[in-house]
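Open the model in your viewer and keep the selection box handy. We'll go stop by stop, picking something to select and then looking at what is there.

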Amino acid sequence: IRAVDGVDLELHRGETLVLVGESGSGKTTLGRTILRLENPTNGDIIIDGQSIAAMSQLQIRPMRSRMQMIFQDPFSSLSPRKTVATLLLEPFKIHRIPVNGPQKVEELLSMVGLSSEQADKFPHQLSGGQARRVGIARALALHPELLVADEPTAGLDVSVAAEVLNLLKELREKLNLTCIIITHNLNITSFIADRVAVMYLGKIVEMGKSDQL
């Protein structure tokens, strides 16, 4: 079985595509491969006219600021040894972008609806919803154009999940993001998707506008 098999899709600037399918259907692998967090064994990935499939990690590094991922488990993607402030400033440090640290941290926390009091906390001191918002803030710190969100509401209760979805929708419109949202929750698709792609056993078996599908 191939994790991703013969997938061919095109995503337009400013569009939100939702990938749905049962667990193990290849959604996360596809999302990670599009961002070159996994290396494709075949095929091509073209971002804004530029092929990135065969690029080395050194070559692709400058493009990382343009494409980011929100990971499924917010706690495992946040280092337990670092404060929220340090985590939010990491992207600027990695890309050697000078920034006013305290001001930028406050700005990013405000963008995702968190108070500046969260800046000095460690991940284990956050609730699931707060950790998810920190993950979103870090992913959007460098104003990427393409965002892949892997199960952004996983593990959250209904009310918190709704808040996170509303936040993503608001930020998408405010920042003109192009989004791929990975989920097995069909309720998400009608709320946020322009188009939906259904994956099964590594293939996209159906694709269309969310209301039609």
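A residue counts as buried here when its relative accessible area is under 20%. Keep in mind that this is a predicted model.

**Stop 1: the sheet**

Color the strands and find the open sheet. Its six strands come in the order β4-β5-β6-β1-β7-β8, with mixed pairing. The edges are β4 (67-70) and β8, each of which pairs on one side only. From one strand to the next, the twist averages 15°.

**Stop 2: strand β1**

Select residues 16-20, which make up β1. How many of the five residues are buried? Five of the five are, so the strand is largely enclosed by the rest of the structure.

Now show the side chains. In a regular strand, side chains alternate between the two faces of the sheet. Here T16, V18 and V20 point one way, L17 and L19 point the other way, and all are buried.

**Stop 3: the neighbors of β1**

Add residues 178-183, strand β6, which runs parallel to β1 and is joined to it by five bridges. To find your place along this pair, look for C179 in β6, standing opposite T16.

Next add β7, also parallel to β1 and joined to it by four bridges. Which residues partner L19? Its bridge partner in β6 is I182, and in β7 the partner is A197. Click on L19 and you can pick out both partners, I182 and A197.

**Stop 4: the β7-β8 hairpin**

Keep β7 (residues 195-200) on screen and add β8 (residues 203-209); these two run antiparallel, with six bridges between them. Together they form a hairpin with two residues between the strands. Zoom in on the turn and select L201, whose phi is positive, at about 50°. Beside the turn, Y200 stands opposite K203 in β8.

**Stop 5: helix α5 over the sheet**

Jump back to the other edge of the sheet and select residues 128-140, helix α5. This helix lies across β4 and β5 (146-150), running at about 175° to β4.

**Stop 6: α5 against α6**

Bring in residues 158-175, helix α6. The axes of α5 and α6 are 10 Å apart, and the two helices pack at an angle of about 15°. That makes α5 roughly parallel to α6, and the crossing is right-handed. For the contact itself, show G129, R132, R133, I136 and L140 on α5, then V160, E163, V164, L167, L168, L171 and L175 on α6. By class, the residues in this contact are eight nonpolar, one polar and three charged.

**Stop 7: α5 against α3**

Hide α6 and select residues 84-94, helix α3. The axes of α3 and α5 come within 8 Å and cross at roughly 25°, which makes these helices roughly parallel as well. The crossing of α3 and α5 is right-handed. V84, L87, L88, E90 and P91 of α3 make the contact with V134, A137 and R138 of α5. This contact has six nonpolar, no polar and two charged residues.

**Last stop: R138**

Finish on R138 in α5. Is R138 buried or exposed? Its relative accessibility is 17%, so it counts as buried. Show its surroundings and, apart from neighbors within four places in sequence, you'll find it in contact with S77, L78, L87, L88, E90 and P91. You met some of those at the previous stop: L87, L88, E90 and P91 are on the α3 side of that contact.

Technical notes. Residues numbered from 1 in each chain as written. Predicted model: local features only at pLDDT ≥ 70, side-chain atom pairs only at ≥ 80, totals over all residues. Heavy atoms only, no water. Pairing = 2+ DSSP bridges. Buried < 20%, exposed > 50% of the residue type's maximum accessible area, 1.4 Å probe, protein only. Contact = heavy atoms within 4.5 Å. Axes fitted to C-alpha atoms, helices over the stretch in contact; angles between N-to-C directions. Parallel < 35°, antiparallel > 145°, perpendicular 65-115°, else oblique. Left-handed = near helix turned anticlockwise from the far one by under 90°. Nonpolar A, V, L, I, M, F, W, Y, C, P; charged D, E, K, R; others polar.
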